[in-house]
Amino acid sequence: MSELVAALPMYDWPEVRDEVDAQWVLLRDAFRQKGIDAPQTIVRRNGDLPPVPGGIRGAEGKIIAPDPATLPPDELDFYRLWLHPALLFAQTCWGPMELGLSRHVQVIGQPGYDAYEGGQGELYSSALVMRTGEGSEVRSPADGSPFLPLDLIRGKRFTFNSLDSMSGTIALTRDLRAAGEGLDIFSTRSESGGHRGSIIAVAEGKADIAAIDCESWALAQQFEPAAKKVAVVGWTGRRKGLPYITAAATPEKTVGALREAIAGLAEQPRIQRVG
């Protein structure tokens with residue numbers, strides 16, 4: 001039995017868990033064909049993570065995260081997953097990567113977003129959503145440039161999934177800055193805890209606008225009733241989507257084999273090799 005850890009948490013909505021499991025089977029079998037002892041299943045809770053007595057330590061020996069065994073077992077703390085020394089494969093976001101996670105992991109690949117409006121290859125963008133009827137609905141710009149309806153969004157209440165999210169906060173912040181604005185264009189800012197929660201908050205009138213990455217928006221249109229009450233009024237510019245990562249301690253030979261396996265699956269939806 002493998003002692004390694006794998007997870008695909010970023011789009012693991014309850015309605016598509018069978019599809020996420022099937023995606024892992026595809027990856028797992030490709031990894032095993034390369035001689036990697038990939039785990040049978042992905043983890044979805046802190047209680048599934050192997051304990052790390054004394055806490056998780058970085059390369060310099062300093063504790064960078066608590067032992068997962070000390071966390072609520074039925075929740076999943078993304079940072080403890082990403083920092084776990086036994087991590088073989090997981091998704092993360094370029095927001096946390098830029099904020100320091102990149103020092104503790106290795107990038108092994110990028111997913112593809114061609115199946116979603118707002119995506120192209122390894123690049124994705126975020127849909128700016130407001131309640132239906134409050135702004136003109138727009139399509140994603142073909143060239144991947146941002147489309148920000150500044151007069152429409154000025155003074156509105158902005159909600160976001162998390163401050164460290166590239167798709168929910170950072171990308172919009174950078175596009176606003178390029179347009180000579182900032183997040184202070186909004187009257188208030190609140191954290192929803194997830195893209196799905198942001199859509200619900202806008203639909204229910206608890207907020208006026210949110211930035212939702214294009215794959216999450218596609219999922220919401222299929223499975224979240226609140227999505228029927230909101231419409232896309234703008235888009236952030238395209239940027240690199242969620243990277244696949246492995247632990248910093250994963251041996252170089254294994255990292256190479258992981259990359260080769262992903263390259264071999266490059267024709268599969270949502271999977272691409274490192275560029």
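Modeller: A residue is termed buried when its relative accessible area is under 20% and exposed when that area is over 50%, with partly exposed in between (1.4 Å probe, protein chains only). This is a predicted model, in which local features need pLDDT of at least 70, side-chain atom pairs count only at pLDDT 80 or more, and totals for chains, interfaces and linings use all residues. Residues are numbered from 1 along each chain as its sequence is written, and side-chain values use heavy atoms, without hydrogens and water.

Colleague: Which residues of α8 are called buried?

Modeller: Val255, Ala257, Leu258, Ala261 and Ile262 fall in that class. They lie on the same side of α8, because their arc around the axis is only 165°, taken from the directions from the helix axis to the C-beta atoms. The face turned away from this buried side carries exposed Glu252, Lys253 and Gly264.

Colleague: How do you know that the span of helix α8 agrees with the expected one?

Modeller: The expected span is 1.5 Å times one less than the number of residues. For the 13 residues of α8 (252–264) this gives 18 Å, and the end C-alpha atoms are 18 Å apart, so the two agree.

Colleague: What makes the link between Asp213 and Glu215 at the start of α7 a polar contact?

Modeller: A polar contact is a pair of N or O atoms within 3.5 Å; within protein, one must be able to donate a hydrogen and the other to accept it, and residues adjacent in sequence count only if both atoms are side-chain atoms. A side-chain oxygen of Asp213 comes to within 3.0 Å of the backbone nitrogen of Glu215, so the pair qualifies.

Conventions
Helix = DSSP H or I, 4+ residues; strand = E, 2+ residues; numbered from the N terminus.
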